[in-house]
Amino acid sequence: MSSSVPQQSPGPAADRPAGPSGVSRRGLLGLAIAGAGAAGLAIGASAGSVAGIAARAKDQDAADSAYSFYGAHQAGITTPVQDHLHFASFDMMERTDAADLKQLLQDWSYAAARMTQGLDVSATGAVGGSPEAPPDDTGEALGLASSGLTITFGFGPTLFETADGVDRYGIAAQRPAGLEKLPPFLGDDLDPDKSGGDLVIQACADDPQVAVHAIRNLSRIAFGRARLRWSQLGFGRTSRTTESQETPRNLFGFKDGTANILADDTDALADHVWVAASDQPAWMAGGSYLVARKIAMLIETWDRVRLSEQEAIVGRSKGTGAPLSGGREFTDPDFTEKDAAGAPAIPVTSHVRLAHPEFNDGTRILRRGYNFVDGNDELGRLDAGLFFLSFQRDPDQFVRIQKTLATDAMREYIKHVGSGIWAVPPGAAKGSYVGAALFA
Amino acid sequence: MTSHRLAGAVALGVVGTLALAGCVAKADAAATDDGLTVTSTADTCAVSSATAKSGTLAFEVTNSGSDVTEFYLLADDGLRIVGEAENIAPGASRTLTVTAQPGDYYTLCKPGMVGDGVGKAPFTVTGDAVAATGDDAQQKQQAVDLYAAFVKDQVGQLVPAVQAFVTAYESGDDTAAQAQFPQVRAYYERIEPVAEALGDLDPRIDYREVDAVAEGLDWTGFHRLEKDLWVPAQDALNSDGETPAWQDWAPSTPAERASYGDQLIADVQELYDYVHGGEFEKTLDAQGIAGISNGAIALLNEVATGKITGEEDWWSHTDLSDFAANVEGSKMAVSLVEDFASAQGDKGANLVKQIDTGYSDLETALAAYGSLSAGFVPYTALTEDDKRQLTDLINALAEPLSQLTSTILE
């Protein structure tokens, strides 16, 4: 149905005088679906827009890469991990009240519901509005597919109550008991400018431009109500959340996330990831808790470590990802296995062993981290590492595992420089918005 | 410095209004057909009437479905959006107000925001073309005249202030000249977009050293005098952060001071002659009120790019005075045109409210650092947090302000 559209010549449009008319990204989609006459389509469209039609029409085949913004849970948690991340933390501005917060969440939800479907941020969008006004949509995603974009919102502890105990929005009583600043961990070197925040947005997509477009537009929508506190770009997912995804590698070169909770493991998700209806507070049922840790890797130092030691630190083979106790990547580690010298095959200080549920009272979390490279530091070292993201039913799960990792041999090569925790409310029902239950 | 918003507005002004939109004042709105209701459900989009008389139309859209919905008035090509009401939650209502000229349109709802929409139906507007009424046009002309008067007044005050400032500078009374510097500049900063539109006049009056060097111009104007008055240390760097302050520069000799001073007086006189001549009025008239509101936006952008970084007054650190004057100038311009926005229904009224709040918050924050009359703290006294707060407040104001022109013209 759409195959004829890309053939459309830009000629008729180019001959028309420039005017206020234009075809929005929305309009393109609508027409491609309807299979409307191509001649009609060209009216008012610039040559650039026509090129956009071609891209757009092809995308129809990839339409199943669009995830609905609405549902019982927010998208972006068990969704197959996309390749790129733009993560942004916001603080509410002074002089805002509960009505501002509510309106912001509504505006954000509306824009997110559109953008995740590959649409412009509003109906008039990037090119359909008045020539006398800046466009509603910044336009750099014109012609790009939805690219599996998911937008996930979360509420930080300070949204409910500031550090000074001020209840700015009348929601302190609804604050989940476990939602508080993470306790200090051994070896933390946290930068306050890369930590915390009243609100958070995780935008993941298979095209980095689509993820950046989402955060850029949501930041703009927030002007006057919330201000960007810090943000992080990520690439090369370091976890998998579905059976079909290959286990990716982190910047240490090791497979990461082999034992992650997968999207189809509903029992494990219910036990470890989703807040249950029986948990408190009631408005969080179907939600989760998001922990972000910016973990700098001392790349140059690591790269000088001999292979056998790298493997001993991780507890897995670098090539196959199999545990050092033997087998293949997905073989369960056997912590009782001994090497020739009679020492544990998987060293007691290895990362895999300390992070394993067996040594954490069965605690599991869903990981969704990304690699990052933020250029280099003033000494010419790569400013790189892992932007660790995890979702859990209770913040204590992360705390439990991170405390066990205090003796992790890997600690010598990493530094936790950023940190944050947010309550991720359940997904919005169609027609509603994220966090609505908080104001019900 | 480099933006020419006012000049650009001249070209755009001609095609500025939607072909379908005219400008009507409040009084006309009352006389037109504004009782239209729309009910949006999952698969219907019921409009109470398929016809209306030209003028201001108000569609009260009620969402009876379970999805967020949108309502569109489309042009006769079925594509171009003439007006839209967005983000209507289930059970909620929203009013779309448009000024419609006679012609054929379509109405359409889009529950769930995706796809073709539902209930696309022809909608006909009958009657006469809606023209700007005499009263309305008169009011707009009055706003333009008031803005012209404001500019003339500021430049009128700038001329003697510059003369006094230059006298102190040329005579070597640096203390007096330093005290006058931020005050003198305020008259210029309030009306900067006007001068910026004048080709090489703004470069001669207000270029920073790095910009003049980059463009191969002789460096003259306020900032040349500034560097003489606040002589940099031998190891200081220019505002580009790498060129030594003394590279190709030395404090002016008395003869050079006389030359640079007289040049500034002459350039300011040229500005005076321009704004008091027929050409200026003709330009303002051609731009109409859009030129005024676009000028207000340009001033805010000036603050957001140059002042907030402290690059403008690199040696004197009097950036907050420029900042305050830019804000005053933009606020003055907005005050002349915001009534026209208010007349555009709820949307316009809300916009004006947002803009007023934005100015008020920004002024409150600025007042913590001083005032134009009493002087401000040096820009170097501000912490990164202080600058961040000002940036946030500029963003909060500039975003609704950027919608002002189109709202007025709708």
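**Exercise 1: the largest cavity**

Work out which helices of chain B each supply at least two residues of the lining of the largest cavity, and what that lining is made of.

*Solution.* Keep in mind that this is a predicted model.

Step 1. Start with the helices: α7 (209-214) and α8 of chain B each give at least two residues to the lining.

Step 2. Check that against the lining itself. Among its residues are Glu209(B) and Val210(B), along with His223(B) and Glu226(B). Trp219(B), Trp314(B) and Trp315(B) are also on the list, as are Arg208(B), Asn238(B), Ser239(B), Glu311(B) and Glu312(B).

Step 3. Sort by class. You get four nonpolar, three polar and five charged residues.

Step 4. Put a volume on it: the largest cavity holds about 90 Å³ of space. The structure has three cavities of 30 Å³ or more.

**Exercise 2: helix α8 of chain B**

Decide how many of the residues of α8(B) are buried.

*Solution.*

Step 1. Locate the helix: α8 spans residues 222-229 of chain B.

Step 2. Go through the residues. Phe222(B), His223(B), Arg224(B) and Leu225(B) are buried, and so are Glu226(B), Lys227(B), Asp228(B) and Leu229(B).

Step 3. That makes eight of eight, and the helix is mostly covered.

Step 4. For the wider setting, look at chain B as a whole: 51% of its 410 residues count as buried. The chain has 14 helices and 11 strands, and its C-alpha atoms fill a box of roughly 80 × 45 × 35 Å along the principal axes.

**Exercise 3: a salt bridge between two helices**

Find out which parts of chain B are tied together by the pair Arg257(B) and Asp174(B).

*Solution.*

Step 1. Look at the contact. The two side chains, Arg257(B) and Asp174(B), meet in a salt bridge, at 2.9 Å from N to O.

Step 2. Place the partners. Arg257(B) sits in helix α9 (residues 254-275) and Asp174(B) in helix α4 (residues 174-190), so the pair links parts of chain B that are 83 residues apart in sequence.

Step 3. Check the cover. Arg257(B) counts as buried because its relative accessibility is 11%, under the 20% cut-off. Asp174(B), at 24%, is partly exposed.

Step 4. Zoom out: over all chains, the structure holds 43 salt bridges.

**Exercise 4: a salt bridge within one helix**

Take Lys387(B) and Glu384(B). Where do they lie, and is each of them buried or exposed?

*Solution.*

Step 1. Both residues belong to helix α13 (residues 384-401) of chain B, three residues apart, which is about one turn of the helix.

Step 2. Recall the helix geometry: with 3.6 residues a turn, residues three or four places apart point the same way.

Step 3. Look at the contact. The side chains of Lys387(B) and Glu384(B) form a salt bridge, at 3.6 Å from N to O.

Step 4. Compare the cover. Lys387(B) is buried, at 17% relative accessible area, whereas Glu384(B) is exposed, at 60%.

Step 5. Now for a network elsewhere in chain B. Salt bridges with shared partners join Arg185(B), Glu189(B), Glu192(B), Asp206(B), Glu302(B), Lys307(B), Glu312(B), Asp313(B) and Asp322(B) into one network. Within it, Lys307(B) and Glu312(B) pair up, with their closest N and O atoms 3.9 Å apart. Both of these residues are buried.

**Exercise 5: over to chain A**

Describe the lining of the second largest pocket, then the nonpolar patch that includes Leu382(A).

*Solution.*

Step 1. The pocket has a volume of about 990 Å³ and is lined by 42 residues. Nearest its centre lie Asp256(A), Gly257(A), His351(A), Ala355(A) and Arg367(A).

Step 2. Find the contributing elements. β5 (288-297), α11 (351-355), β8, α12 (395-404) and β9 (414-424) of chain A each supply at least two lining residues.

Step 3. Split the lining by class: 19 nonpolar, 13 polar and 10 charged.

Step 4. Follow strand β8, residues 382-392 of chain A, to Leu382(A). This leucine is partly exposed, at 42% relative accessible area.

Step 5. Leu382(A) joins Phe235(A) and Val373(A) in a nonpolar surface patch, with about 230 Å² of accessible area together.

Terms used
Residues numbered from 1 in each chain as written. Chains lettered and ligands numbered in written order. Predicted model: local features only at pLDDT ≥ 70, side-chain atom pairs only at ≥ 80, totals over all residues. Heavy atoms only, no water. Patch = residues over 30% accessible without salt bridge, like charges linked within 9 Å, V, L, I, M, F, W, Y side chains within 5 Å. Areas by Shrake-Rupley, 256 points an atom, 1.4 Å probe, with all protein chains shown as cover. Salt bridge = Lys/Arg side-chain N within 4 Å of Asp/Glu carboxyl O. Helix = DSSP H or I, 4+ residues; strand = E, 2+ residues; numbered from the N terminus. Buried < 20%, exposed > 50% of the residue type's maximum accessible area, 1.4 Å probe, protein only. 1 Å grid on protein atoms, 1.4 Å probe; cavity = no way out; pocket = protein on both sides within 12 Å on 5 of 7 lines; lining within 4 Å. Points joined across faces, edges and corners; volume = space filled by probe spheres on them. Nonpolar A, V, L, I, M, F, W, Y, C, P; charged D, E, K, R; others polar.
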